[in-house]
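Grab a pencil and work through these exercises with the structure open beside you. Try each task before you read its solution.

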Amino acid sequence: MFEARVGSSTKMAVTGDGNATFAGDIIPDGDIVNNTGNLSITQNANDGAIRFNADDGSGGVAEYFRIDGSDELNKFFKNLRISDSVYTQYGTSGDFSIGHDGTNTTV
C-alpha cells in the first residue's frame with residue numbers, strides 16, 4: 001500500500017490491487033482516458049448528484065447536465081442538440097423513437 005500524507009492526515013492511498021482513494025477533490029488537467037474495460041463514475045453520497053459544468057462563453061462556469069440521485073432524474077440545464085439521422089428511443093425495447101434527418105422529422 002502507498003499513502004500520501006499531509007501531516008498525520010492521509011490524502012491519497014493506493015492498495016496492492018491498484019485501487020486508489022482520495023481525501024478531497026481530484027482536479028485533472030486534461031482528459032480522463034480508459035483503454036481497457038469499462039469506465040465507471042460512482043456517486044455514493046446519499047441523495048448526491050454528478051454535475052457536469054463547463055465554461056459558459058462569458059468567462060464564467062455553468063452547469064449543463066446533472067445526474068440527480070435525490071430526484072432520480074437526469075436534468076439538462078442547457079439545450080441538447082442531437083445530430084441529423086440520430087434517433088432518441090423510448091421504452092425498454094426502444095419501440096418509440098423520434099428523429100430528424102436534416103429535412104424530415106419522424107416519429
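**Exercise 1.** Which backbone nitrogen lies 3.2 Å from a polar atom of the side chain of Asp-68?

*Solution.* Keep in mind that you're looking at a predicted model.
- Step 1: Find Asp-68, which sits in strand S5.
- Step 2: Look for the partner: the backbone nitrogen of Asp-71 is the one 3.2 Å from that side-chain polar atom.
- Step 3: Check the surroundings. Skipping residues up to four places away in sequence, Asp-68 touches Gly-48, Ala-49, Leu-73 and Lys-75.

**Exercise 2.** Decide whether Asp-68 is buried or exposed.

*Solution.*
- Step 1: Read off the relative accessible area of Asp-68, which is 6%.
- Step 2: Compare that with the cut-off, since buried means under 20%.
- Step 3: Asp-68 has a value of 6%, so it counts as buried.

**Exercise 3.** Work out which residues are joined into one network by salt bridges that share partners.

*Solution.*
- Step 1: Count what there is: the rule gives six salt bridges.
- Step 2: Start with Arg-51 and Glu-63, whose side chains meet in a salt bridge at 3.7 Å, N to O. This pair ties together distant parts of the chain, with Arg-51 in strand S4 and Glu-63 in strand S5, twelve residues apart.
- Step 3: Compare their accessibility. Arg-51 is partly exposed because its relative accessibility is 48%, while Glu-63, at 17%, counts as buried.
- Step 4: Go on to Arg-66 and Asp-68, with a salt bridge of 3.6 Å between their side chains, N to O. Arg-66 and Asp-68 are both buried.
- Step 5: Add Asp-71 and Lys-75, whose side chains form a salt bridge at 2.5 Å, N to O. Asp-71 has a relative accessible area of 41%, so it is partly exposed.
- Step 6: Put the pieces together: through shared partners, salt bridges connect Arg-51, Glu-63, Arg-66, Asp-68, Asp-71 and Lys-75 in one network.

**Exercise 4.** Describe the largest pocket: how much space does it hold, and which element gives the largest share of its lining?

*Solution.*
- Step 1: For the volume, write down about 390 Å³.
- Step 2: Sort the lining by class, and you get seven nonpolar, two polar and two charged residues.
- Step 3: Look for the main contributor: strand S4 supplies four residues, the largest share.
- Step 4: Pick out some lining residues, including Phe-22, Ile-50, Arg-51 and Phe-52. You've met Arg-51 before, in the salt bridge with Glu-63.

**Exercise 5.** Take a pocket-lining residue, Phe-22, and find what it contacts beyond its neighbours within four places in sequence.

*Solution.*
- Step 1: Locate Phe-22 in strand S3.
- Step 2: Note that Phe-22 is partly exposed because its relative accessible area is 43%.
- Step 3: List the contacts, which are Lys-11 and Met-12.
- Step 4: Look at Lys-11 again: it is eleven residues from Phe-22 along the chain, with 5.6 Å between the two C-alpha atoms.

**Exercise 6.** Where are Glu-72 and Ser-85, and what do you notice about phi in Glu-72 and Ser-85?

*Solution.*
- Step 1: Place Glu-72 in the loop between S5 and strand S6.
- Step 2: Place Ser-85 in the loop between S6 and strand S7.
- Step 3: Check the angles. Phi is near 55 degrees in Glu-72, a positive value in a residue other than glycine. Ser-85 isn't a glycine either, and its phi is positive at about 65 degrees.
- Step 4: Finish with accessibility: Glu-72 has a value of 73%, so it counts as exposed.

Terms used:
Residues are numbered from 1 along each chain as its sequence is written. This is a predicted model: local features need pLDDT of at least 70, side-chain atom pairs count only at pLDDT 80 or more; totals for chains, interfaces and linings use all residues. Side-chain values use heavy atoms; hydrogens and water are left out. On a 1 Å grid over the protein atoms alone, a cavity is a set of points where a 1.4 Å probe fits but cannot get out, and a pocket is an open set with protein on both sides within 12 Å along at least five of seven lines; lining residues have an atom within 4 Å of a point. Grid points are joined across faces, edges and corners, and a volume is the space filled by probe spheres set on the points. Helices (H or I, at least four residues) and strands (E, at least two) are DSSP runs, numbered from the N terminus. Ala, Val, Leu, Ile, Met, Phe, Trp, Tyr, Cys and Pro count as nonpolar, Asp, Glu, Lys and Arg as charged, and the others, Gly among them, as polar. A salt bridge is a side-chain nitrogen of Lys or Arg within 4 Å of a carboxyl oxygen of Asp or Glu. Buried means under 20% relative accessible area, exposed over 50%, partly exposed in between (1.4 Å probe, protein chains only). A polar contact is a pair of N or O atoms within 3.5 Å; within protein, one must be able to donate a hydrogen and the other to accept it, and residues adjacent in sequence count only if both atoms are side-chain atoms. Contact means heavy atoms within 4.5 Å.
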